[in-house]
Amino acid sequence: MFPPLAGSEWATGPARIPIRILLNGLSGHIVVEGKEFNNVMPAGGGVPMSDIEIATILTYVRTQFGNSAAPVCAAEVASARSETGTRTTPWSSEALAKLR
């Protein structure tokens with residue numbers, strides 16, 4: 001029903017993508033490891049989070065489950081939050097793909 005975190009190119013690719021997913025949510029179809037999913041993830045999983053909390057969660061996801069991506073720092077989250085501060089709608093996979 002939901003995409004896996006293990007081996008997910010969305011979680012382990014450029015950090016600006018999962019940061020934006022946690023900041024604003026994700027809606028619609030997404031392909032992970034060749035499988036299509038179609039669901040909604042609310043911003044922050046429905047809970048407001050600080051920059052350090054988002055960085056900590058994403059660092060965990062990016063370094064666990066067999067993943068080996070670079071950690072995320074709070075400054076990266078703050079920068080993305082500033083860039084997307086006026087956004088009120090969830091991201092689509094197509095919009096996020098343009099950030100790669």
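**Packing and contacts in the predicted model**

Helix 2, which spans residues 16-24, is mostly covered, with eight of its nine residues buried. The structure described here is a predicted model. The buried residues of helix 2 are Ile17, Pro18, Ile19, Arg20, Ile21, Leu22, Leu23 and Asn24. These buried residues pack against helix 1 (9-12), strand 1 (26-32), strand 2 (35-41), helix 3 (51-63), helix 4 (74-83) and helix 5. Just after helix 2, Gly25 adopts a positive phi of about 90°.

The confidence of the prediction was examined for the chain and for its elements. The chain has a mean pLDDT of 93, and 100% of its residues reach 70 or more. Among the elements of the chain, the highest mean pLDDT belongs to helix 3 (97) and the lowest to strand 2 (92).

Strand 1 and strand 2 run antiparallel and are joined by seven bridges. Within this pairing, Gly28 has Asn39 of strand 2 as its bridge partner. The two strands form a hairpin with two residues between them, and Glu33 in the turn has a positive phi of about 50°.

Val32 is part of strand 1. Its relative accessibility is 3%, so Val32 counts as buried, the cut-off being under 20%. Apart from neighbours within four places in sequence, Val32 is in contact with Pro3, Pro4, Ser8, Glu9, Trp10 and Phe37. Val32 and Gly7 are separated by 25 residues in sequence, and their C-alpha atoms are 8.5 Å apart in space.

Ser8, one of the contacts of Val32, is found in the segment before helix 1. Ser8 is buried because its relative accessible area is 4%, where the cut-off is under 20%. A polar atom of the Ser8 side chain lies 3.2 Å from the backbone nitrogen of Trp10. With neighbours within four places in sequence left aside, Ser8 is in contact with Val32 and Asn67.

A second serine, Ser93, is found in helix 5, which covers residues 93-97. Ser93 has a relative accessibility of 8% and therefore counts as buried. A polar atom of its side chain lies 2.8 Å from the backbone oxygen of His29. Beyond neighbours within four places in sequence, Ser93 is in contact with Trp10, Leu26, His29 and Ile30.

Trp10 thus appears among the contacts of Val32 and among those of Ser93. The ring of Trp10 also has a charge over it: the charged end of Arg100 sits 4.2 Å from the ring centre. A similar arrangement involves Trp91, where Arg87 lies over the face of the ring at 3.7 Å from the ring centre.

Pairs of aromatic rings were also considered. The count comes to one aromatic pair. This pair is formed by Tyr60 and Phe65, with 5.7 Å from centre to centre and 85° between the planes. The arrangement is edge-to-face, because an angle over 60 degrees between the planes counts as such. Tyr60 has a relative accessibility of 49% and so counts as partly exposed, since exposed requires over 50%. Phe65 is likewise partly exposed, with a relative accessible area of 42%.

Conventions:
Residues are numbered from 1 along each chain as its sequence is written. This is a predicted model: local features need pLDDT of at least 70, side-chain atom pairs count only at pLDDT 80 or more; totals for chains, interfaces and linings use all residues. Side-chain values use heavy atoms; hydrogens and water are left out. Rings of Phe, Tyr and Trp (its six-membered ring) pair if their centres lie within 6.5 Å; planes under 30 degrees apart count as stacked, over 60 as edge-to-face and the rest as tilted. Buried means under 20% relative accessible area, exposed over 50%, partly exposed in between (1.4 Å probe, protein chains only). A charge sits over a ring if NZ of Lys or CZ of Arg is within 6 Å of the ring centre and within 35 degrees of the ring normal. Helices (H or I, at least four residues) and strands (E, at least two) are DSSP runs, numbered from the N terminus. A polar contact is a pair of N or O atoms within 3.5 Å; within protein, one must be able to donate a hydrogen and the other to accept it, and residues adjacent in sequence count only if both atoms are side-chain atoms. Contact means heavy atoms within 4.5 Å. Two strands pair if DSSP finds at least two bridges between them. pLDDT is the predictor's confidence in each residue, from 0 to 100.
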